[in-house]
Amino acid sequence: AYSLRPSEAAALEKADLVFWVSEGLTPWLKRRLEILASEAQVVELMKADGTVELPYREGATFANHDDHDGIDSHNGIDPHNGIDPHSWLDPENGKVWLSVMASELSKIDPANADLYFQNAAAGTLEISQAVARINELLVPVHGVKFIVFHDAYQYFEKRFGISASGSISLADASAPSPARVAKIRAKVAELGISCVFSEPQYSPGLVTSVVGDTKIRRGTIDSLGAELELGIAFYTKLLDSIAKEIVACGKD
């Protein structure tokens, strides 16, 4: 249901090169790109060679067709018959995409090709350093049982050896049905969940409806880094922030 602001539409019209994650993540953008960026080179990062892809999780307290009550909030795309598009949360994909970006930028701006590849190499090293840092940071919370707000984090979880026990909402962040909320509440009690995570862009009331007046700890993680300052270190800060919040909420 997203509508481009005039400034965003103007940016697409002026662009020589557009990177986007995938149609599965932003289905509304596909038609806009065809119309507004028809002269630009458009690169869908999920299609890049070497990208790690994971299917949507199903069963238990993750995806369930019945939870949608016949409504699909992904504008005609079935979120349970495809690839989970939250793939930037695997840092190995971040490395792959840096290389793709350097290559594509070099094609349209060959005079600066060396600089693009140097920056990509530096960024790859920074990501590797972040991975080592996060692996060490998460050691105390391996095995901690937690619930996330929506199922956006399995790329991060699999890369770092942790695993959510379920999600309040589905991977497309659609509002959960009352039946789903009840199911999650029962699972929280059954599994002895230690921590439930909300996200800054969604209503905290849903988290309250799941945990009630229990003493389960609450935290906030964000797959988009909505509250982080933009800049050249944004990506590694995003990964670091997710890890730190998981540790803060999950560590006894």
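A salt bridge is a side-chain nitrogen of Lys or Arg within 4 Å of a carboxyl oxygen of Asp or Glu. The exercises below apply to a predicted model.

**Exercise 1. A pair in helix α3**

Task: Decide how the side chains of Glu104 and Lys107 meet, and state where the two residues sit in helix α3.

Solution.
Step 1. The N to O distance between the side chains of Glu104 and Lys107 is 3.4 Å.
Step 2. The cut-off is 4 Å, and the two side chains meet in a salt bridge.
Step 3. Helix α3 covers residues 91–108, and Glu104 and Lys107 are three residues apart in it, so about one helical turn separates them.
Step 4. Buried means under 20% relative accessible area and exposed means over 50%. Glu104, at 14%, is therefore buried, while Lys107, at 57%, is exposed.

**Exercise 2. A network in helix α2**

Task: Describe the salt bridge of Glu34 with Arg31, and find which residues are linked with them in a network.

Solution.
Step 1. The closest N and O atoms of Glu34 and Arg31 are 3.2 Å apart, and the two residues form a salt bridge.
Step 2. Both belong to helix α2 (residues 27–36), where they are three residues apart, which means a separation of about one helical turn.
Step 3. Glu34 has 41% relative accessibility and is partly exposed. Arg31 has a relative accessible area of 52% and is exposed.
Step 4. The network of salt bridges links Lys30, Arg31 and Glu34.

**Exercise 3. Another pair, and the total**

Task: Give the N to O distance between Lys47 and Glu44, and state how many salt bridges there are by this rule.

Solution.
Step 1. Side chains of opposite charge can pair when their charged atoms come close.
Step 2. For Lys47 and Glu44 the distance is 3.5 Å, and their side chains meet in a salt bridge.
Step 3. Lys47 has a relative accessible area of 64%, so this residue is exposed.
Step 4. By this rule, the count of salt bridges is ten.

**Exercise 4. The open sheet**

Task: Work out the strand order of the open sheet, and state which strands stand at its edges.

Solution.
Step 1. The sheet has four strands in the order β4-β3-β5-β6, with parallel pairing.
Step 2. β4 (166–169) and β6 (217–220) each have a single partner strand, so they stand at the edges and one side of each has no neighbour in the sheet.
Step 3. From one strand to the next, the twist averages 25 degrees.
Step 4. β5 (residues 195–198) pairs with β6 over four bridges, and Val196 stands opposite Arg218 in β6.
Step 5. β5 also runs parallel to β3 (residues 146–150), to which two bridges join it. Here Ile147 stands opposite Val196 in β5.
Step 6. β5 is covered on both faces: Cys195 and Phe197 are buried on one side, and Val196 and Ser198 are buried on the other.

**Exercise 5. The largest pocket**

Task: Describe the space in the largest pocket and the residues that line it.

Solution.
Step 1. The largest pocket holds about 830 Å³ of space.
Step 2. Its lining has 25 residues, and those nearest the centre are Leu98, Met101, Gly231, Phe234 and Tyr235.
Step 3. Two or more lining residues come from each of the elements α3, α4 (113–137) and α8 (234–250).
Step 4. Sorted by class, the lining has 18 nonpolar, six polar and one charged residues.

Key
Residues numbered from 1 in each chain as written. Predicted model: local features only at pLDDT ≥ 70, side-chain atom pairs only at ≥ 80, totals over all residues. Heavy atoms only, no water. Buried < 20%, exposed > 50% of the residue type's maximum accessible area, 1.4 Å probe, protein only. 1 Å grid on protein atoms, 1.4 Å probe; cavity = no way out; pocket = protein on both sides within 12 Å on 5 of 7 lines; lining within 4 Å. Points joined across faces, edges and corners; volume = space filled by probe spheres on them. Nonpolar A, V, L, I, M, F, W, Y, C, P; charged D, E, K, R; others polar. Pairing = 2+ DSSP bridges. Axes fitted to C-alpha atoms, helices over the stretch in contact; angles between N-to-C directions.
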